[in-house]
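I set out to record how the interior of this chain is built and how two of its helices meet. My notes are kept in the order in which I looked things up.

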Amino acid sequence: MAKEKITMPQLGESVTEGTISTWLVKEGDTVNKYDPIAEVMTDKVNAEVPSSFAGTITELIANEGDTIEVGELICVIETDDKEANASNVENTEKAINNASEETTDDTSMKKRYSPAVLRMAQEHNIDLEQVTGTGRGGRITRKDIQHLIEQGIQPGVEQKEEQAKAFEQRSVTKHTSQTTKAPFPGSVAGDLEIPVTGVRKVIAQNMVRAKTEIPHAWMMVEVDVTDLVAYRNRVKSTFKQNEGFNLTFFAFFVKAISQAIKEFPQLNSMWAGDKIIQKKDIHISIAVAKDQELFVPVIRNADEKSIKGIARDIHELAMKARNGKLTSEDMQGGTFTVNNTGSFGSVQSMGVINYPQAAILQVESIVKRPVIINDMFAARDMVNLCLSLDHRILDGLICGQFLARVKEILENMNDKTVQMY
C-alpha cells in the first residue's frame with residue numbers, strides 16, 4: 001500500500017489557483033483512476049478534477065470554498081501501486097504521519113483562513129480569534145462560521161470597536177494620496193444578502209483587475225446592415241433545415257471582425273510589461289451567459305472559417321456553456337473578444353476589456369432608423385459597434401481605421417459577396 005498526493009492541477013494557461021467548489025468524494029471512498037473527485041472553479045472555467053490514482057481517499061486537505069494554488073496538496077489517496085517512487089511515498093507518508101500526530105489541542109492551522117471564511121466573518125462581525133475551529137490543526141472552516149451565524153452567536157462582540165478601528169487602518173491605501181476606502185454597506189431587516197461566490201466572485205476579481213490595470217478608451221461607429229439583414233432573412237430557414245442549427249447575425253459580425261483584424265493585426269495584441277505581444281493566430285472570444293454566470297469560450301482561427309463554420313462554433317460553444325460541458329481548452333487562447341450585447345436590446349455600451357487582451361467589441365442591437373440617403377429619408381437597419389481599447393497598446397488612429405474597415409465589410413455583405421461555405 002502506498003499513500004499518494006493529489007495536487008491542484010493547472011486548468012488553463014496563466015491559471016495560478018483554483019477554488020474547491022464541491023468535493024465529489026469523502027474520506028474512505030474508493031475511486032478509480034480518472035474518476036472525478038472535485039469540482040474546481042478558476043478564472044477561466046469550472047472543471048472536474050480527476051483522480052491521478054486508483055485507491056481509497058484517506059484525507060481531504062482542502063475544504064469546500066478554499067482557494068488553492070496550482071501544485072498545492074488537496075487530498076491524499078492510498079493506492080496498491082507498489083511501483084510508486086519510493087522517495088515520493090516516503091515524503092508523503094511523513095506528511096501524513098505528521099498530520100495524524102496532531103492532537104485536538106493543536107492550533108497550528110488556526111490562523112490559516114480561507115477567503116470564504118474571511119469574507120463571512122467580516123460580513124457578520126465575527127472575531128476569528130475567538131472562534132474554535134473544527135478543521136485539521138484547529139483550522140476554522142466555512143461550516144464553523146455558518147454554524148455561528150445560524151445560532152446567532154458572535155464571538156468577540158465586545159471587540160467590535162477595536163475591529164472597526166483595525167479595519168479603518170487597513171483601509172488606508174498604499175498610494176501617496178492615502179485615501180481611505182469607504183466601508184461596505186450594511187443590511188437591514190427584509191434585505192436579501194447574496195454571498196459572492198462561484199463564477200460571480202471570479203468575474204468581480206477579473207473586472208477589478210481589468211479596470212485597475214488597463215487604461216480604457218472607447219470608440220463607436222454606426223453601420224448600415226440593411227442588405228445583410230435582407231440576405232440573412234432570406235436564407236435562415238433553408239440554412240436551419242440543412243444544417244440543423246440557427247444562422248444568427250452574430251456569425252456575420254464575427255466573420256467581418258476577424259477579417260478586419262487580419263488586416264489590422266495591432267488589435268490582436270497583448271500587453272506584456274516591457275513589450276507588446278502581437279498574436280499570430282486570431283482566436284475570437286465570445287461571451288456566453290448562463291443564469292448568473294458568464295463564460296468566454298473561444299472560436300479558434302476565426303479568420304480562416306466560413307460563416308457556416310463560425311455559426312456552428314457559436315452554436316456548439318453556447319450549448320456546452322448552458323449544459324455545463326465547457327472544458328478548459330474551450331476557454332483558452334482568446335486574442336480578441338466580441339460581445340453580442342445586442343441580444344439583450346442594448347444599443348450602446350462600454351465593455352470592460354477581457355484581460356490581457358487589447359480590445360473588446362460590443363455588437364449592439366440592430367434597429368430600424370430613419371437615415372438620409374440622397375437627401376431623402378429612408379428606413380434602414382442600423383447597428384452600433386462599440387470598441388473598448390487598451391490605450392497602452394492602441395491609439396485612436398489605428399482603431400478608427402479598424403472600425404471603418406469592419407463597417408465597410410458589413411455594409412457590403414449581400415447575395416453577391418457573402419461566402420456562406
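The entries below concern a predicted model.

Entry 1, the nonpolar cores. I looked first for the largest nonpolar core and found that it has 59 residues. Phe 336, Leu 387, Phe 402 and Leu 410 have the most contacts inside it. I then noted that helix α7, residues 249-263, gives the most to this core, with 9 residues. Another core, of 18 residues, lies apart from it, and I listed Ile 6, Val 31, Ala 62 and Cys 75 among its members.

Entry 2, Leu 410. I asked which residues Leu 410 is in contact with, leaving aside its neighbours within four places in sequence. I recorded Val 223, Val 225, Leu 228, Phe 252, Phe 253, Ala 256 and Leu 385.

Entry 3, α7 and α10. I looked up the axes of α7 and helix α10, residues 396-411, which come within 9 Å and cross at roughly 135 degrees. I therefore entered α7 as oblique to α10. The crossing of α7 past α10 is right-handed. On the α7 side, I found Phe 252, Phe 253, Ala 256, Ile 257, Gln 259, Ala 260, Ile 261 and Glu 263 in the contact. Phe 402, Arg 405, Val 406, Ile 409 and Leu 410 make it from α10. I sorted the residues of this contact into 10 nonpolar, 1 polar and 2 charged.

Entry 4, Ser 365. I located Ser 365 in the loop between β17 (359-363) and β18 (367-373). Is Ser 365 buried or exposed? Its relative accessible area is 16%, under the 20% limit, so I entered Ser 365 as buried. Beyond its neighbours within four places in sequence, Ser 365 is in contact with Gly 342, Gly 345, Ser 346, Val 347, Met 382 and Val 383.

Definitions and conventions. Residues numbered from 1 in each chain as written. Predicted model: local features only at pLDDT ≥ 70, side-chain atom pairs only at ≥ 80, totals over all residues. Heavy atoms only, no water. Core = buried A, V, L, I, M, F, W, Y, C linked by side-chain atoms within 4.5 Å. Buried < 20%, exposed > 50% of the residue type's maximum accessible area, 1.4 Å probe, protein only. Helix = DSSP H or I, 4+ residues; strand = E, 2+ residues; numbered from the N terminus. Contact = heavy atoms within 4.5 Å. Axes fitted to C-alpha atoms, helices over the stretch in contact; angles between N-to-C directions. Parallel < 35°, antiparallel > 145°, perpendicular 65-115°, else oblique. Left-handed = near helix turned anticlockwise from the far one by under 90°. Nonpolar A, V, L, I, M, F, W, Y, C, P; charged D, E, K, R; others polar.
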